[in-house]
Amino acid sequence: MAHSPNSYIALVLVFLLIGTSSAQLSENFYSKKCPKVFKTVQSVVKTAVAKENRIGASLLRLHFHDCFVDGCDGSILLDDTSSFKGEKTAGPNNNSVRGYEVIDAIKSKVEAICPGVVSCADIVAITARDSVVILGGPFWKVKVGRRDSKTANFTAANTGVIPAPTSNLTTLISTFKAQGLSVKDMVALSGAHTIGRARCTSFRGHIYNDSNIDSTFAKIRQKNCPRTTGSGDNNLANLDLRTPTHFDNNYYKNLIIKRGLLHSDQVLFNGGTTDSLVKTYSQNGKVFDSDFVAAMIKMGDNKPLTGKQGEIRKNCRRLN
Ligand code: HEM
Ligand SMILES: *[C@@H]1O[C@H](CO)[C@@H](O)[C@H](O)[C@H]1NC(C)=O
Ligand SMILES: *[C@@H]1O[C@H](CO)[C@@H](O)[C@H](O)[C@H]1NC(C)=O
Ligand SMILES: *[C@@H]1O[C@H](CO)[C@@H](O)[C@H](O)[C@H]1NC(C)=O
Ligand SMILES: *[C@@H]1O[C@H](CO)[C@@H](O)[C@H](O)[C@H]1NC(C)=O
């Protein structure tokens, strides 16, 4: 009886559950150890967004760039040291990723109420959600329990793990697939470009050289982004021409009328396999919201350090 196939299967299941349980993130990881963490993070994000609404976009992007390089482990927050070069000056991040000071401010508040408990990686994940909600987007429960990396990887951050704005659709699909994210996840997550801004250097090629762009829109964007490389490289433009500080589905409506700012935005609606999804999201904000939330949770689940791995940094910029 004890050796029946069913009891073997039951036993194997029990071992599988025990074996993976430490690797699971959960919504209530801090409910006993730091019950005020969510309120504390939210209040700082609220203040920061009230001061400068773009920071909400920057914090959302910070989580994405953290998660794509060796998982959501706070590695992007580390400053350079003598033993490793951090990710902050890697191509996709240098002079571009923002929000480090907000994370620092949150970290000191959280350390004051529960020292050594809450990871920087979790703080980044929570700020991404709070930013979306504050800017009018959907709410979701953030899973926590990530730990912080003890190293960063400049090379990984610098060499194609994070997709470039010049990417074609094939490359976008494959870079997301490499992170365990589907085509649908990729299209939904790209909707993050409903908020925030990009530098001229990120979209110059699209507004001068591409043909799949509305000419009126191209002219508007060319006004503040000179053709010649080296001039006006850091001039900023809103990713969403309509409602740049509101989290909505206008990003997809823009794509339908060829008003995507980045080359990598417009390839999502350019006669290819993702056209139908873009159409759906442009017509149905509720479907977009729920697919975006599902994809954010999936991205946040990407290779976290858990259990005894890594550490809980005291200062997000350096190892303990
Ligand atoms: C699909 C591939 C993606 C590409 C190629 C891409 C590329 C870019 C680029 C080039 C910028 C402008 C950076 C600059 O000029 O300084 C940008 C901004 C932004 N990205 Fe993405 N991105 C992608 C996906 C995502 C995802 C998945 C998210 C988050 C879920 C995201 C969130 C943002 C936000 C919010 C901004 C504005 C940031 C700010 O104003 O500080 N992006 N992205
Ligand atoms: C980052 O940007 C700074 C300032 O523009 C530049 O001097 C530096 O060379 C860049 N770093 C890397 C690693 O490219
Ligand atoms: C950093 O990333 C590169 C490229 O992905 C990889 O080859 C290398 O092993 C990584 N280094 C460390 C220390 O993890
Ligand atoms: C997409 O871009 C990659 C990398 O630049 C290139 O190798 C590939 O040929 C391109 N694919 C298509 C279909 O254009
Ligand atoms: C536009 O295309 C021309 C010709 O192929 C190229 O020399 C130039 O660098 C491109 N400009 C941008 C901004 O990509």
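In which loop is H193 found? In this predicted model, H193 sits in the loop between α8 and β1. The legends below take up the ligand sites and one pocket.

**Figure 1. Iron atom of ligand 1 and its protein donor, H193.** The NE2 atom of H193 is 2.1 Å from the iron. No other protein donor of this iron atom is present, H193 being the only one. The elements on either side of the H193 loop are α8 and β1. H193 is also listed with R54, S58, S96 and S202 as the closest residues to ligand 1.

**Figure 2. Polar contacts of ligand 1 with S58, R197 and S202.** A polar atom in the side chain of S58 is 2.6 Å from an oxygen atom of the ligand. For S202, a polar side-chain atom is likewise placed 2.6 Å from an oxygen atom of ligand 1. R197 takes part through its backbone, where a polar atom lies 2.8 Å from a ligand oxygen.

**Figure 3. Shell of 26 residues around ligand 1.** The elements that each supply at least two shell residues are α3 (54-67), α7 (169-177), α8 (183-190) and β1 (197-199). Of the elements, α3 gives the most, with five residues. Sorted by class, the shell consists of 14 nonpolar, seven polar and five charged residues. Domain 1 (37-163) and domain 2 (169-298) each contribute at least three residues to the shell around ligand 1.

**Figure 4. Lining of the second largest pocket.** This pocket has a volume of about 190 Å³. Two or more lining residues come from each of α2 (37-51) and α4 (100-113). The largest share is that of α2, which provides five residues. The lining is made up of S43, V44, T47, A48, K51, E52, I55, V102, A105 and K109. By class, five of the lining residues are nonpolar, two are polar and three are charged.

**Figure 5. Surroundings of ligand 4.** The residues around this ligand are N168, T170 and T171. A polar atom of the N168 side chain is 2.3 Å from an oxygen atom of ligand 4. In the side chain of T171, an N or O atom lies 3.4 Å from an oxygen atom of the ligand.

Note on methods:
Residues are numbered from 1 along each chain as its sequence is written. Chains are lettered from A and ligands numbered from 1 in the order in which they are written. This is a predicted model: local features need pLDDT of at least 70, side-chain atom pairs count only at pLDDT 80 or more; totals for chains, interfaces and linings use all residues. Side-chain values use heavy atoms; hydrogens and water are left out. A residue is near a molecule or strand if one of its heavy atoms lies within 4 Å of it. A polar contact is a pair of N or O atoms within 3.5 Å; within protein, one must be able to donate a hydrogen and the other to accept it, and residues adjacent in sequence count only if both atoms are side-chain atoms. Helices (H or I, at least four residues) and strands (E, at least two) are DSSP runs, numbered from the N terminus. Ala, Val, Leu, Ile, Met, Phe, Trp, Tyr, Cys and Pro count as nonpolar, Asp, Glu, Lys and Arg as charged, and the others, Gly among them, as polar. Domain bounds come from an automatic or database domain assignment. On a 1 Å grid over the protein atoms alone, a cavity is a set of points where a 1.4 Å probe fits but cannot get out, and a pocket is an open set with protein on both sides within 12 Å along at least five of seven lines; lining residues have an atom within 4 Å of a point. Grid points are joined across faces, edges and corners, and a volume is the space filled by probe spheres set on the points. Donors are N, O and S atoms within 2.8 Å of the metal (3.2 Å for Na, K and Ca); water is not among the atoms, so sites may look incomplete.
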